[in-house]
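Reader: I have a new model open on my screen, and I would like to learn how to read it. Could you take me through some features, one by one?

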Amino acid sequence: DAEDATRRLDRAEGAIRHDDWETAVVEATVAAAVFRRPFLTGSEGLWVERERQRCIDALHRCYEVLSEGWRHRGDPGLAATVATQAIEVDPLRESGHRLLIEAELARGDRAAAWRAYQRCTDLLRDDLGVEPSPRTTVLVQDPDSPGTG
């Protein structure tokens, strides 16, 4: 299952590069369903922990594809929901926060986008001692940013 899910995720990411949002969403949805499942519950060990982390990373990638896909397919509400799931999977990965900000901007809710940016900023400062990247910051500073379309 995990090997098939990995292939599907690769196809989903490839579909994005070709602006094939329908394929990206379908493939990432199937892959996410696999990566959401617990991996070898009750088992421990270095290999098991590495595989669990690989599944978490893959799930986050699935959520990134899905958020971007739903936004491009005209459903920024669902894009925001999936971006929130990405943040829950890995709160310190800035890309999930950026996707949430872009989804809120696509919905036309600049206040929600600003709140999402503030949560990202607080989290990165408190946990990592860093500021959001310029790529993230520009989204809330520039009303004509790509996230608004």
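Author: Gladly! Let's begin with one side chain and its surroundings. Leaving aside neighbours within four places in sequence, Glu27 is in contact with Arg8, Arg11 and Ala12. Glu27 itself belongs to helix α2. Please keep in mind that this is a predicted model.

Reader: Is Glu27 buried or exposed?

Author: Glu27 counts as buried, because its relative accessibility is 12% and the cut-off for buried is under 20%.

Reader: How should I read a helix such as α1, and what span should its 16 residues have?

Author: Here is the general idea: an α-helix has 3.6 residues a turn, so residues three or four places apart point the same way. At 1.5 Å a residue, α1 should span 22 Å, and its end C-alpha atoms are 23 Å apart, which agrees. The buried residues of α1 are Ala5, Leu9, Ala12, Gly14, Ala15 and Ile16.

Reader: Which residues of α4 are buried?

Author: In α4, the buried residues are Pro76, Gly77, Ala79, Ala80, Val82, Ala83, Ala86 and Ile87. This helix runs over residues 76–89 and has 14 residues. From first C-alpha to last, α4 reaches 20 Å, close to the 20 Å expected.

Reader: Back to α1, please. What is the phi of Asp19, which follows that helix?

Author: Asp19 has a positive phi of about 55 degrees, although it is not a glycine. You will find Asp19 in the loop between α1 (2–17) and α2 (21–35). Asp19 is exposed, with a relative accessible area of 57%.

Reader: Now for empty space. What volume does the largest pocket have?

Author: The general idea is that rolling a probe the size of a water molecule over the atoms shows where empty space is left. Here the largest pocket has a volume of about 200 Å³. Its lining includes Glu13, Glu64, Arg71, Arg98 and Arg135. By class, the lining has three nonpolar, one polar and seven charged residues.

Reader: Which helices each supply at least two residues of that lining?

Author: Those are α1, α3 (46–72) and α5 (94–106).

Reader: My last topic is cysteines. How many disulfides does a search of the whole structure find?

Author: In general, a disulfide is a covalent bond between the sulfur atoms of two cysteines. The search finds zero disulfides here. As for individual cysteines, Cys55 is buried at a relative accessible area of 8%, and Cys120 is buried at 0% relative accessibility.

Key:
Residues numbered from 1 in each chain as written. Predicted model: local features only at pLDDT ≥ 70, side-chain atom pairs only at ≥ 80, totals over all residues. Heavy atoms only, no water. Disulfide = S-S within 2.5 Å. Buried < 20%, exposed > 50% of the residue type's maximum accessible area, 1.4 Å probe, protein only. Helix = DSSP H or I, 4+ residues; strand = E, 2+ residues; numbered from the N terminus. 1 Å grid on protein atoms, 1.4 Å probe; cavity = no way out; pocket = protein on both sides within 12 Å on 5 of 7 lines; lining within 4 Å. Points joined across faces, edges and corners; volume = space filled by probe spheres on them. Nonpolar A, V, L, I, M, F, W, Y, C, P; charged D, E, K, R; others polar. Expected span 1.5 Å × (residues − 1). Contact = heavy atoms within 4.5 Å.
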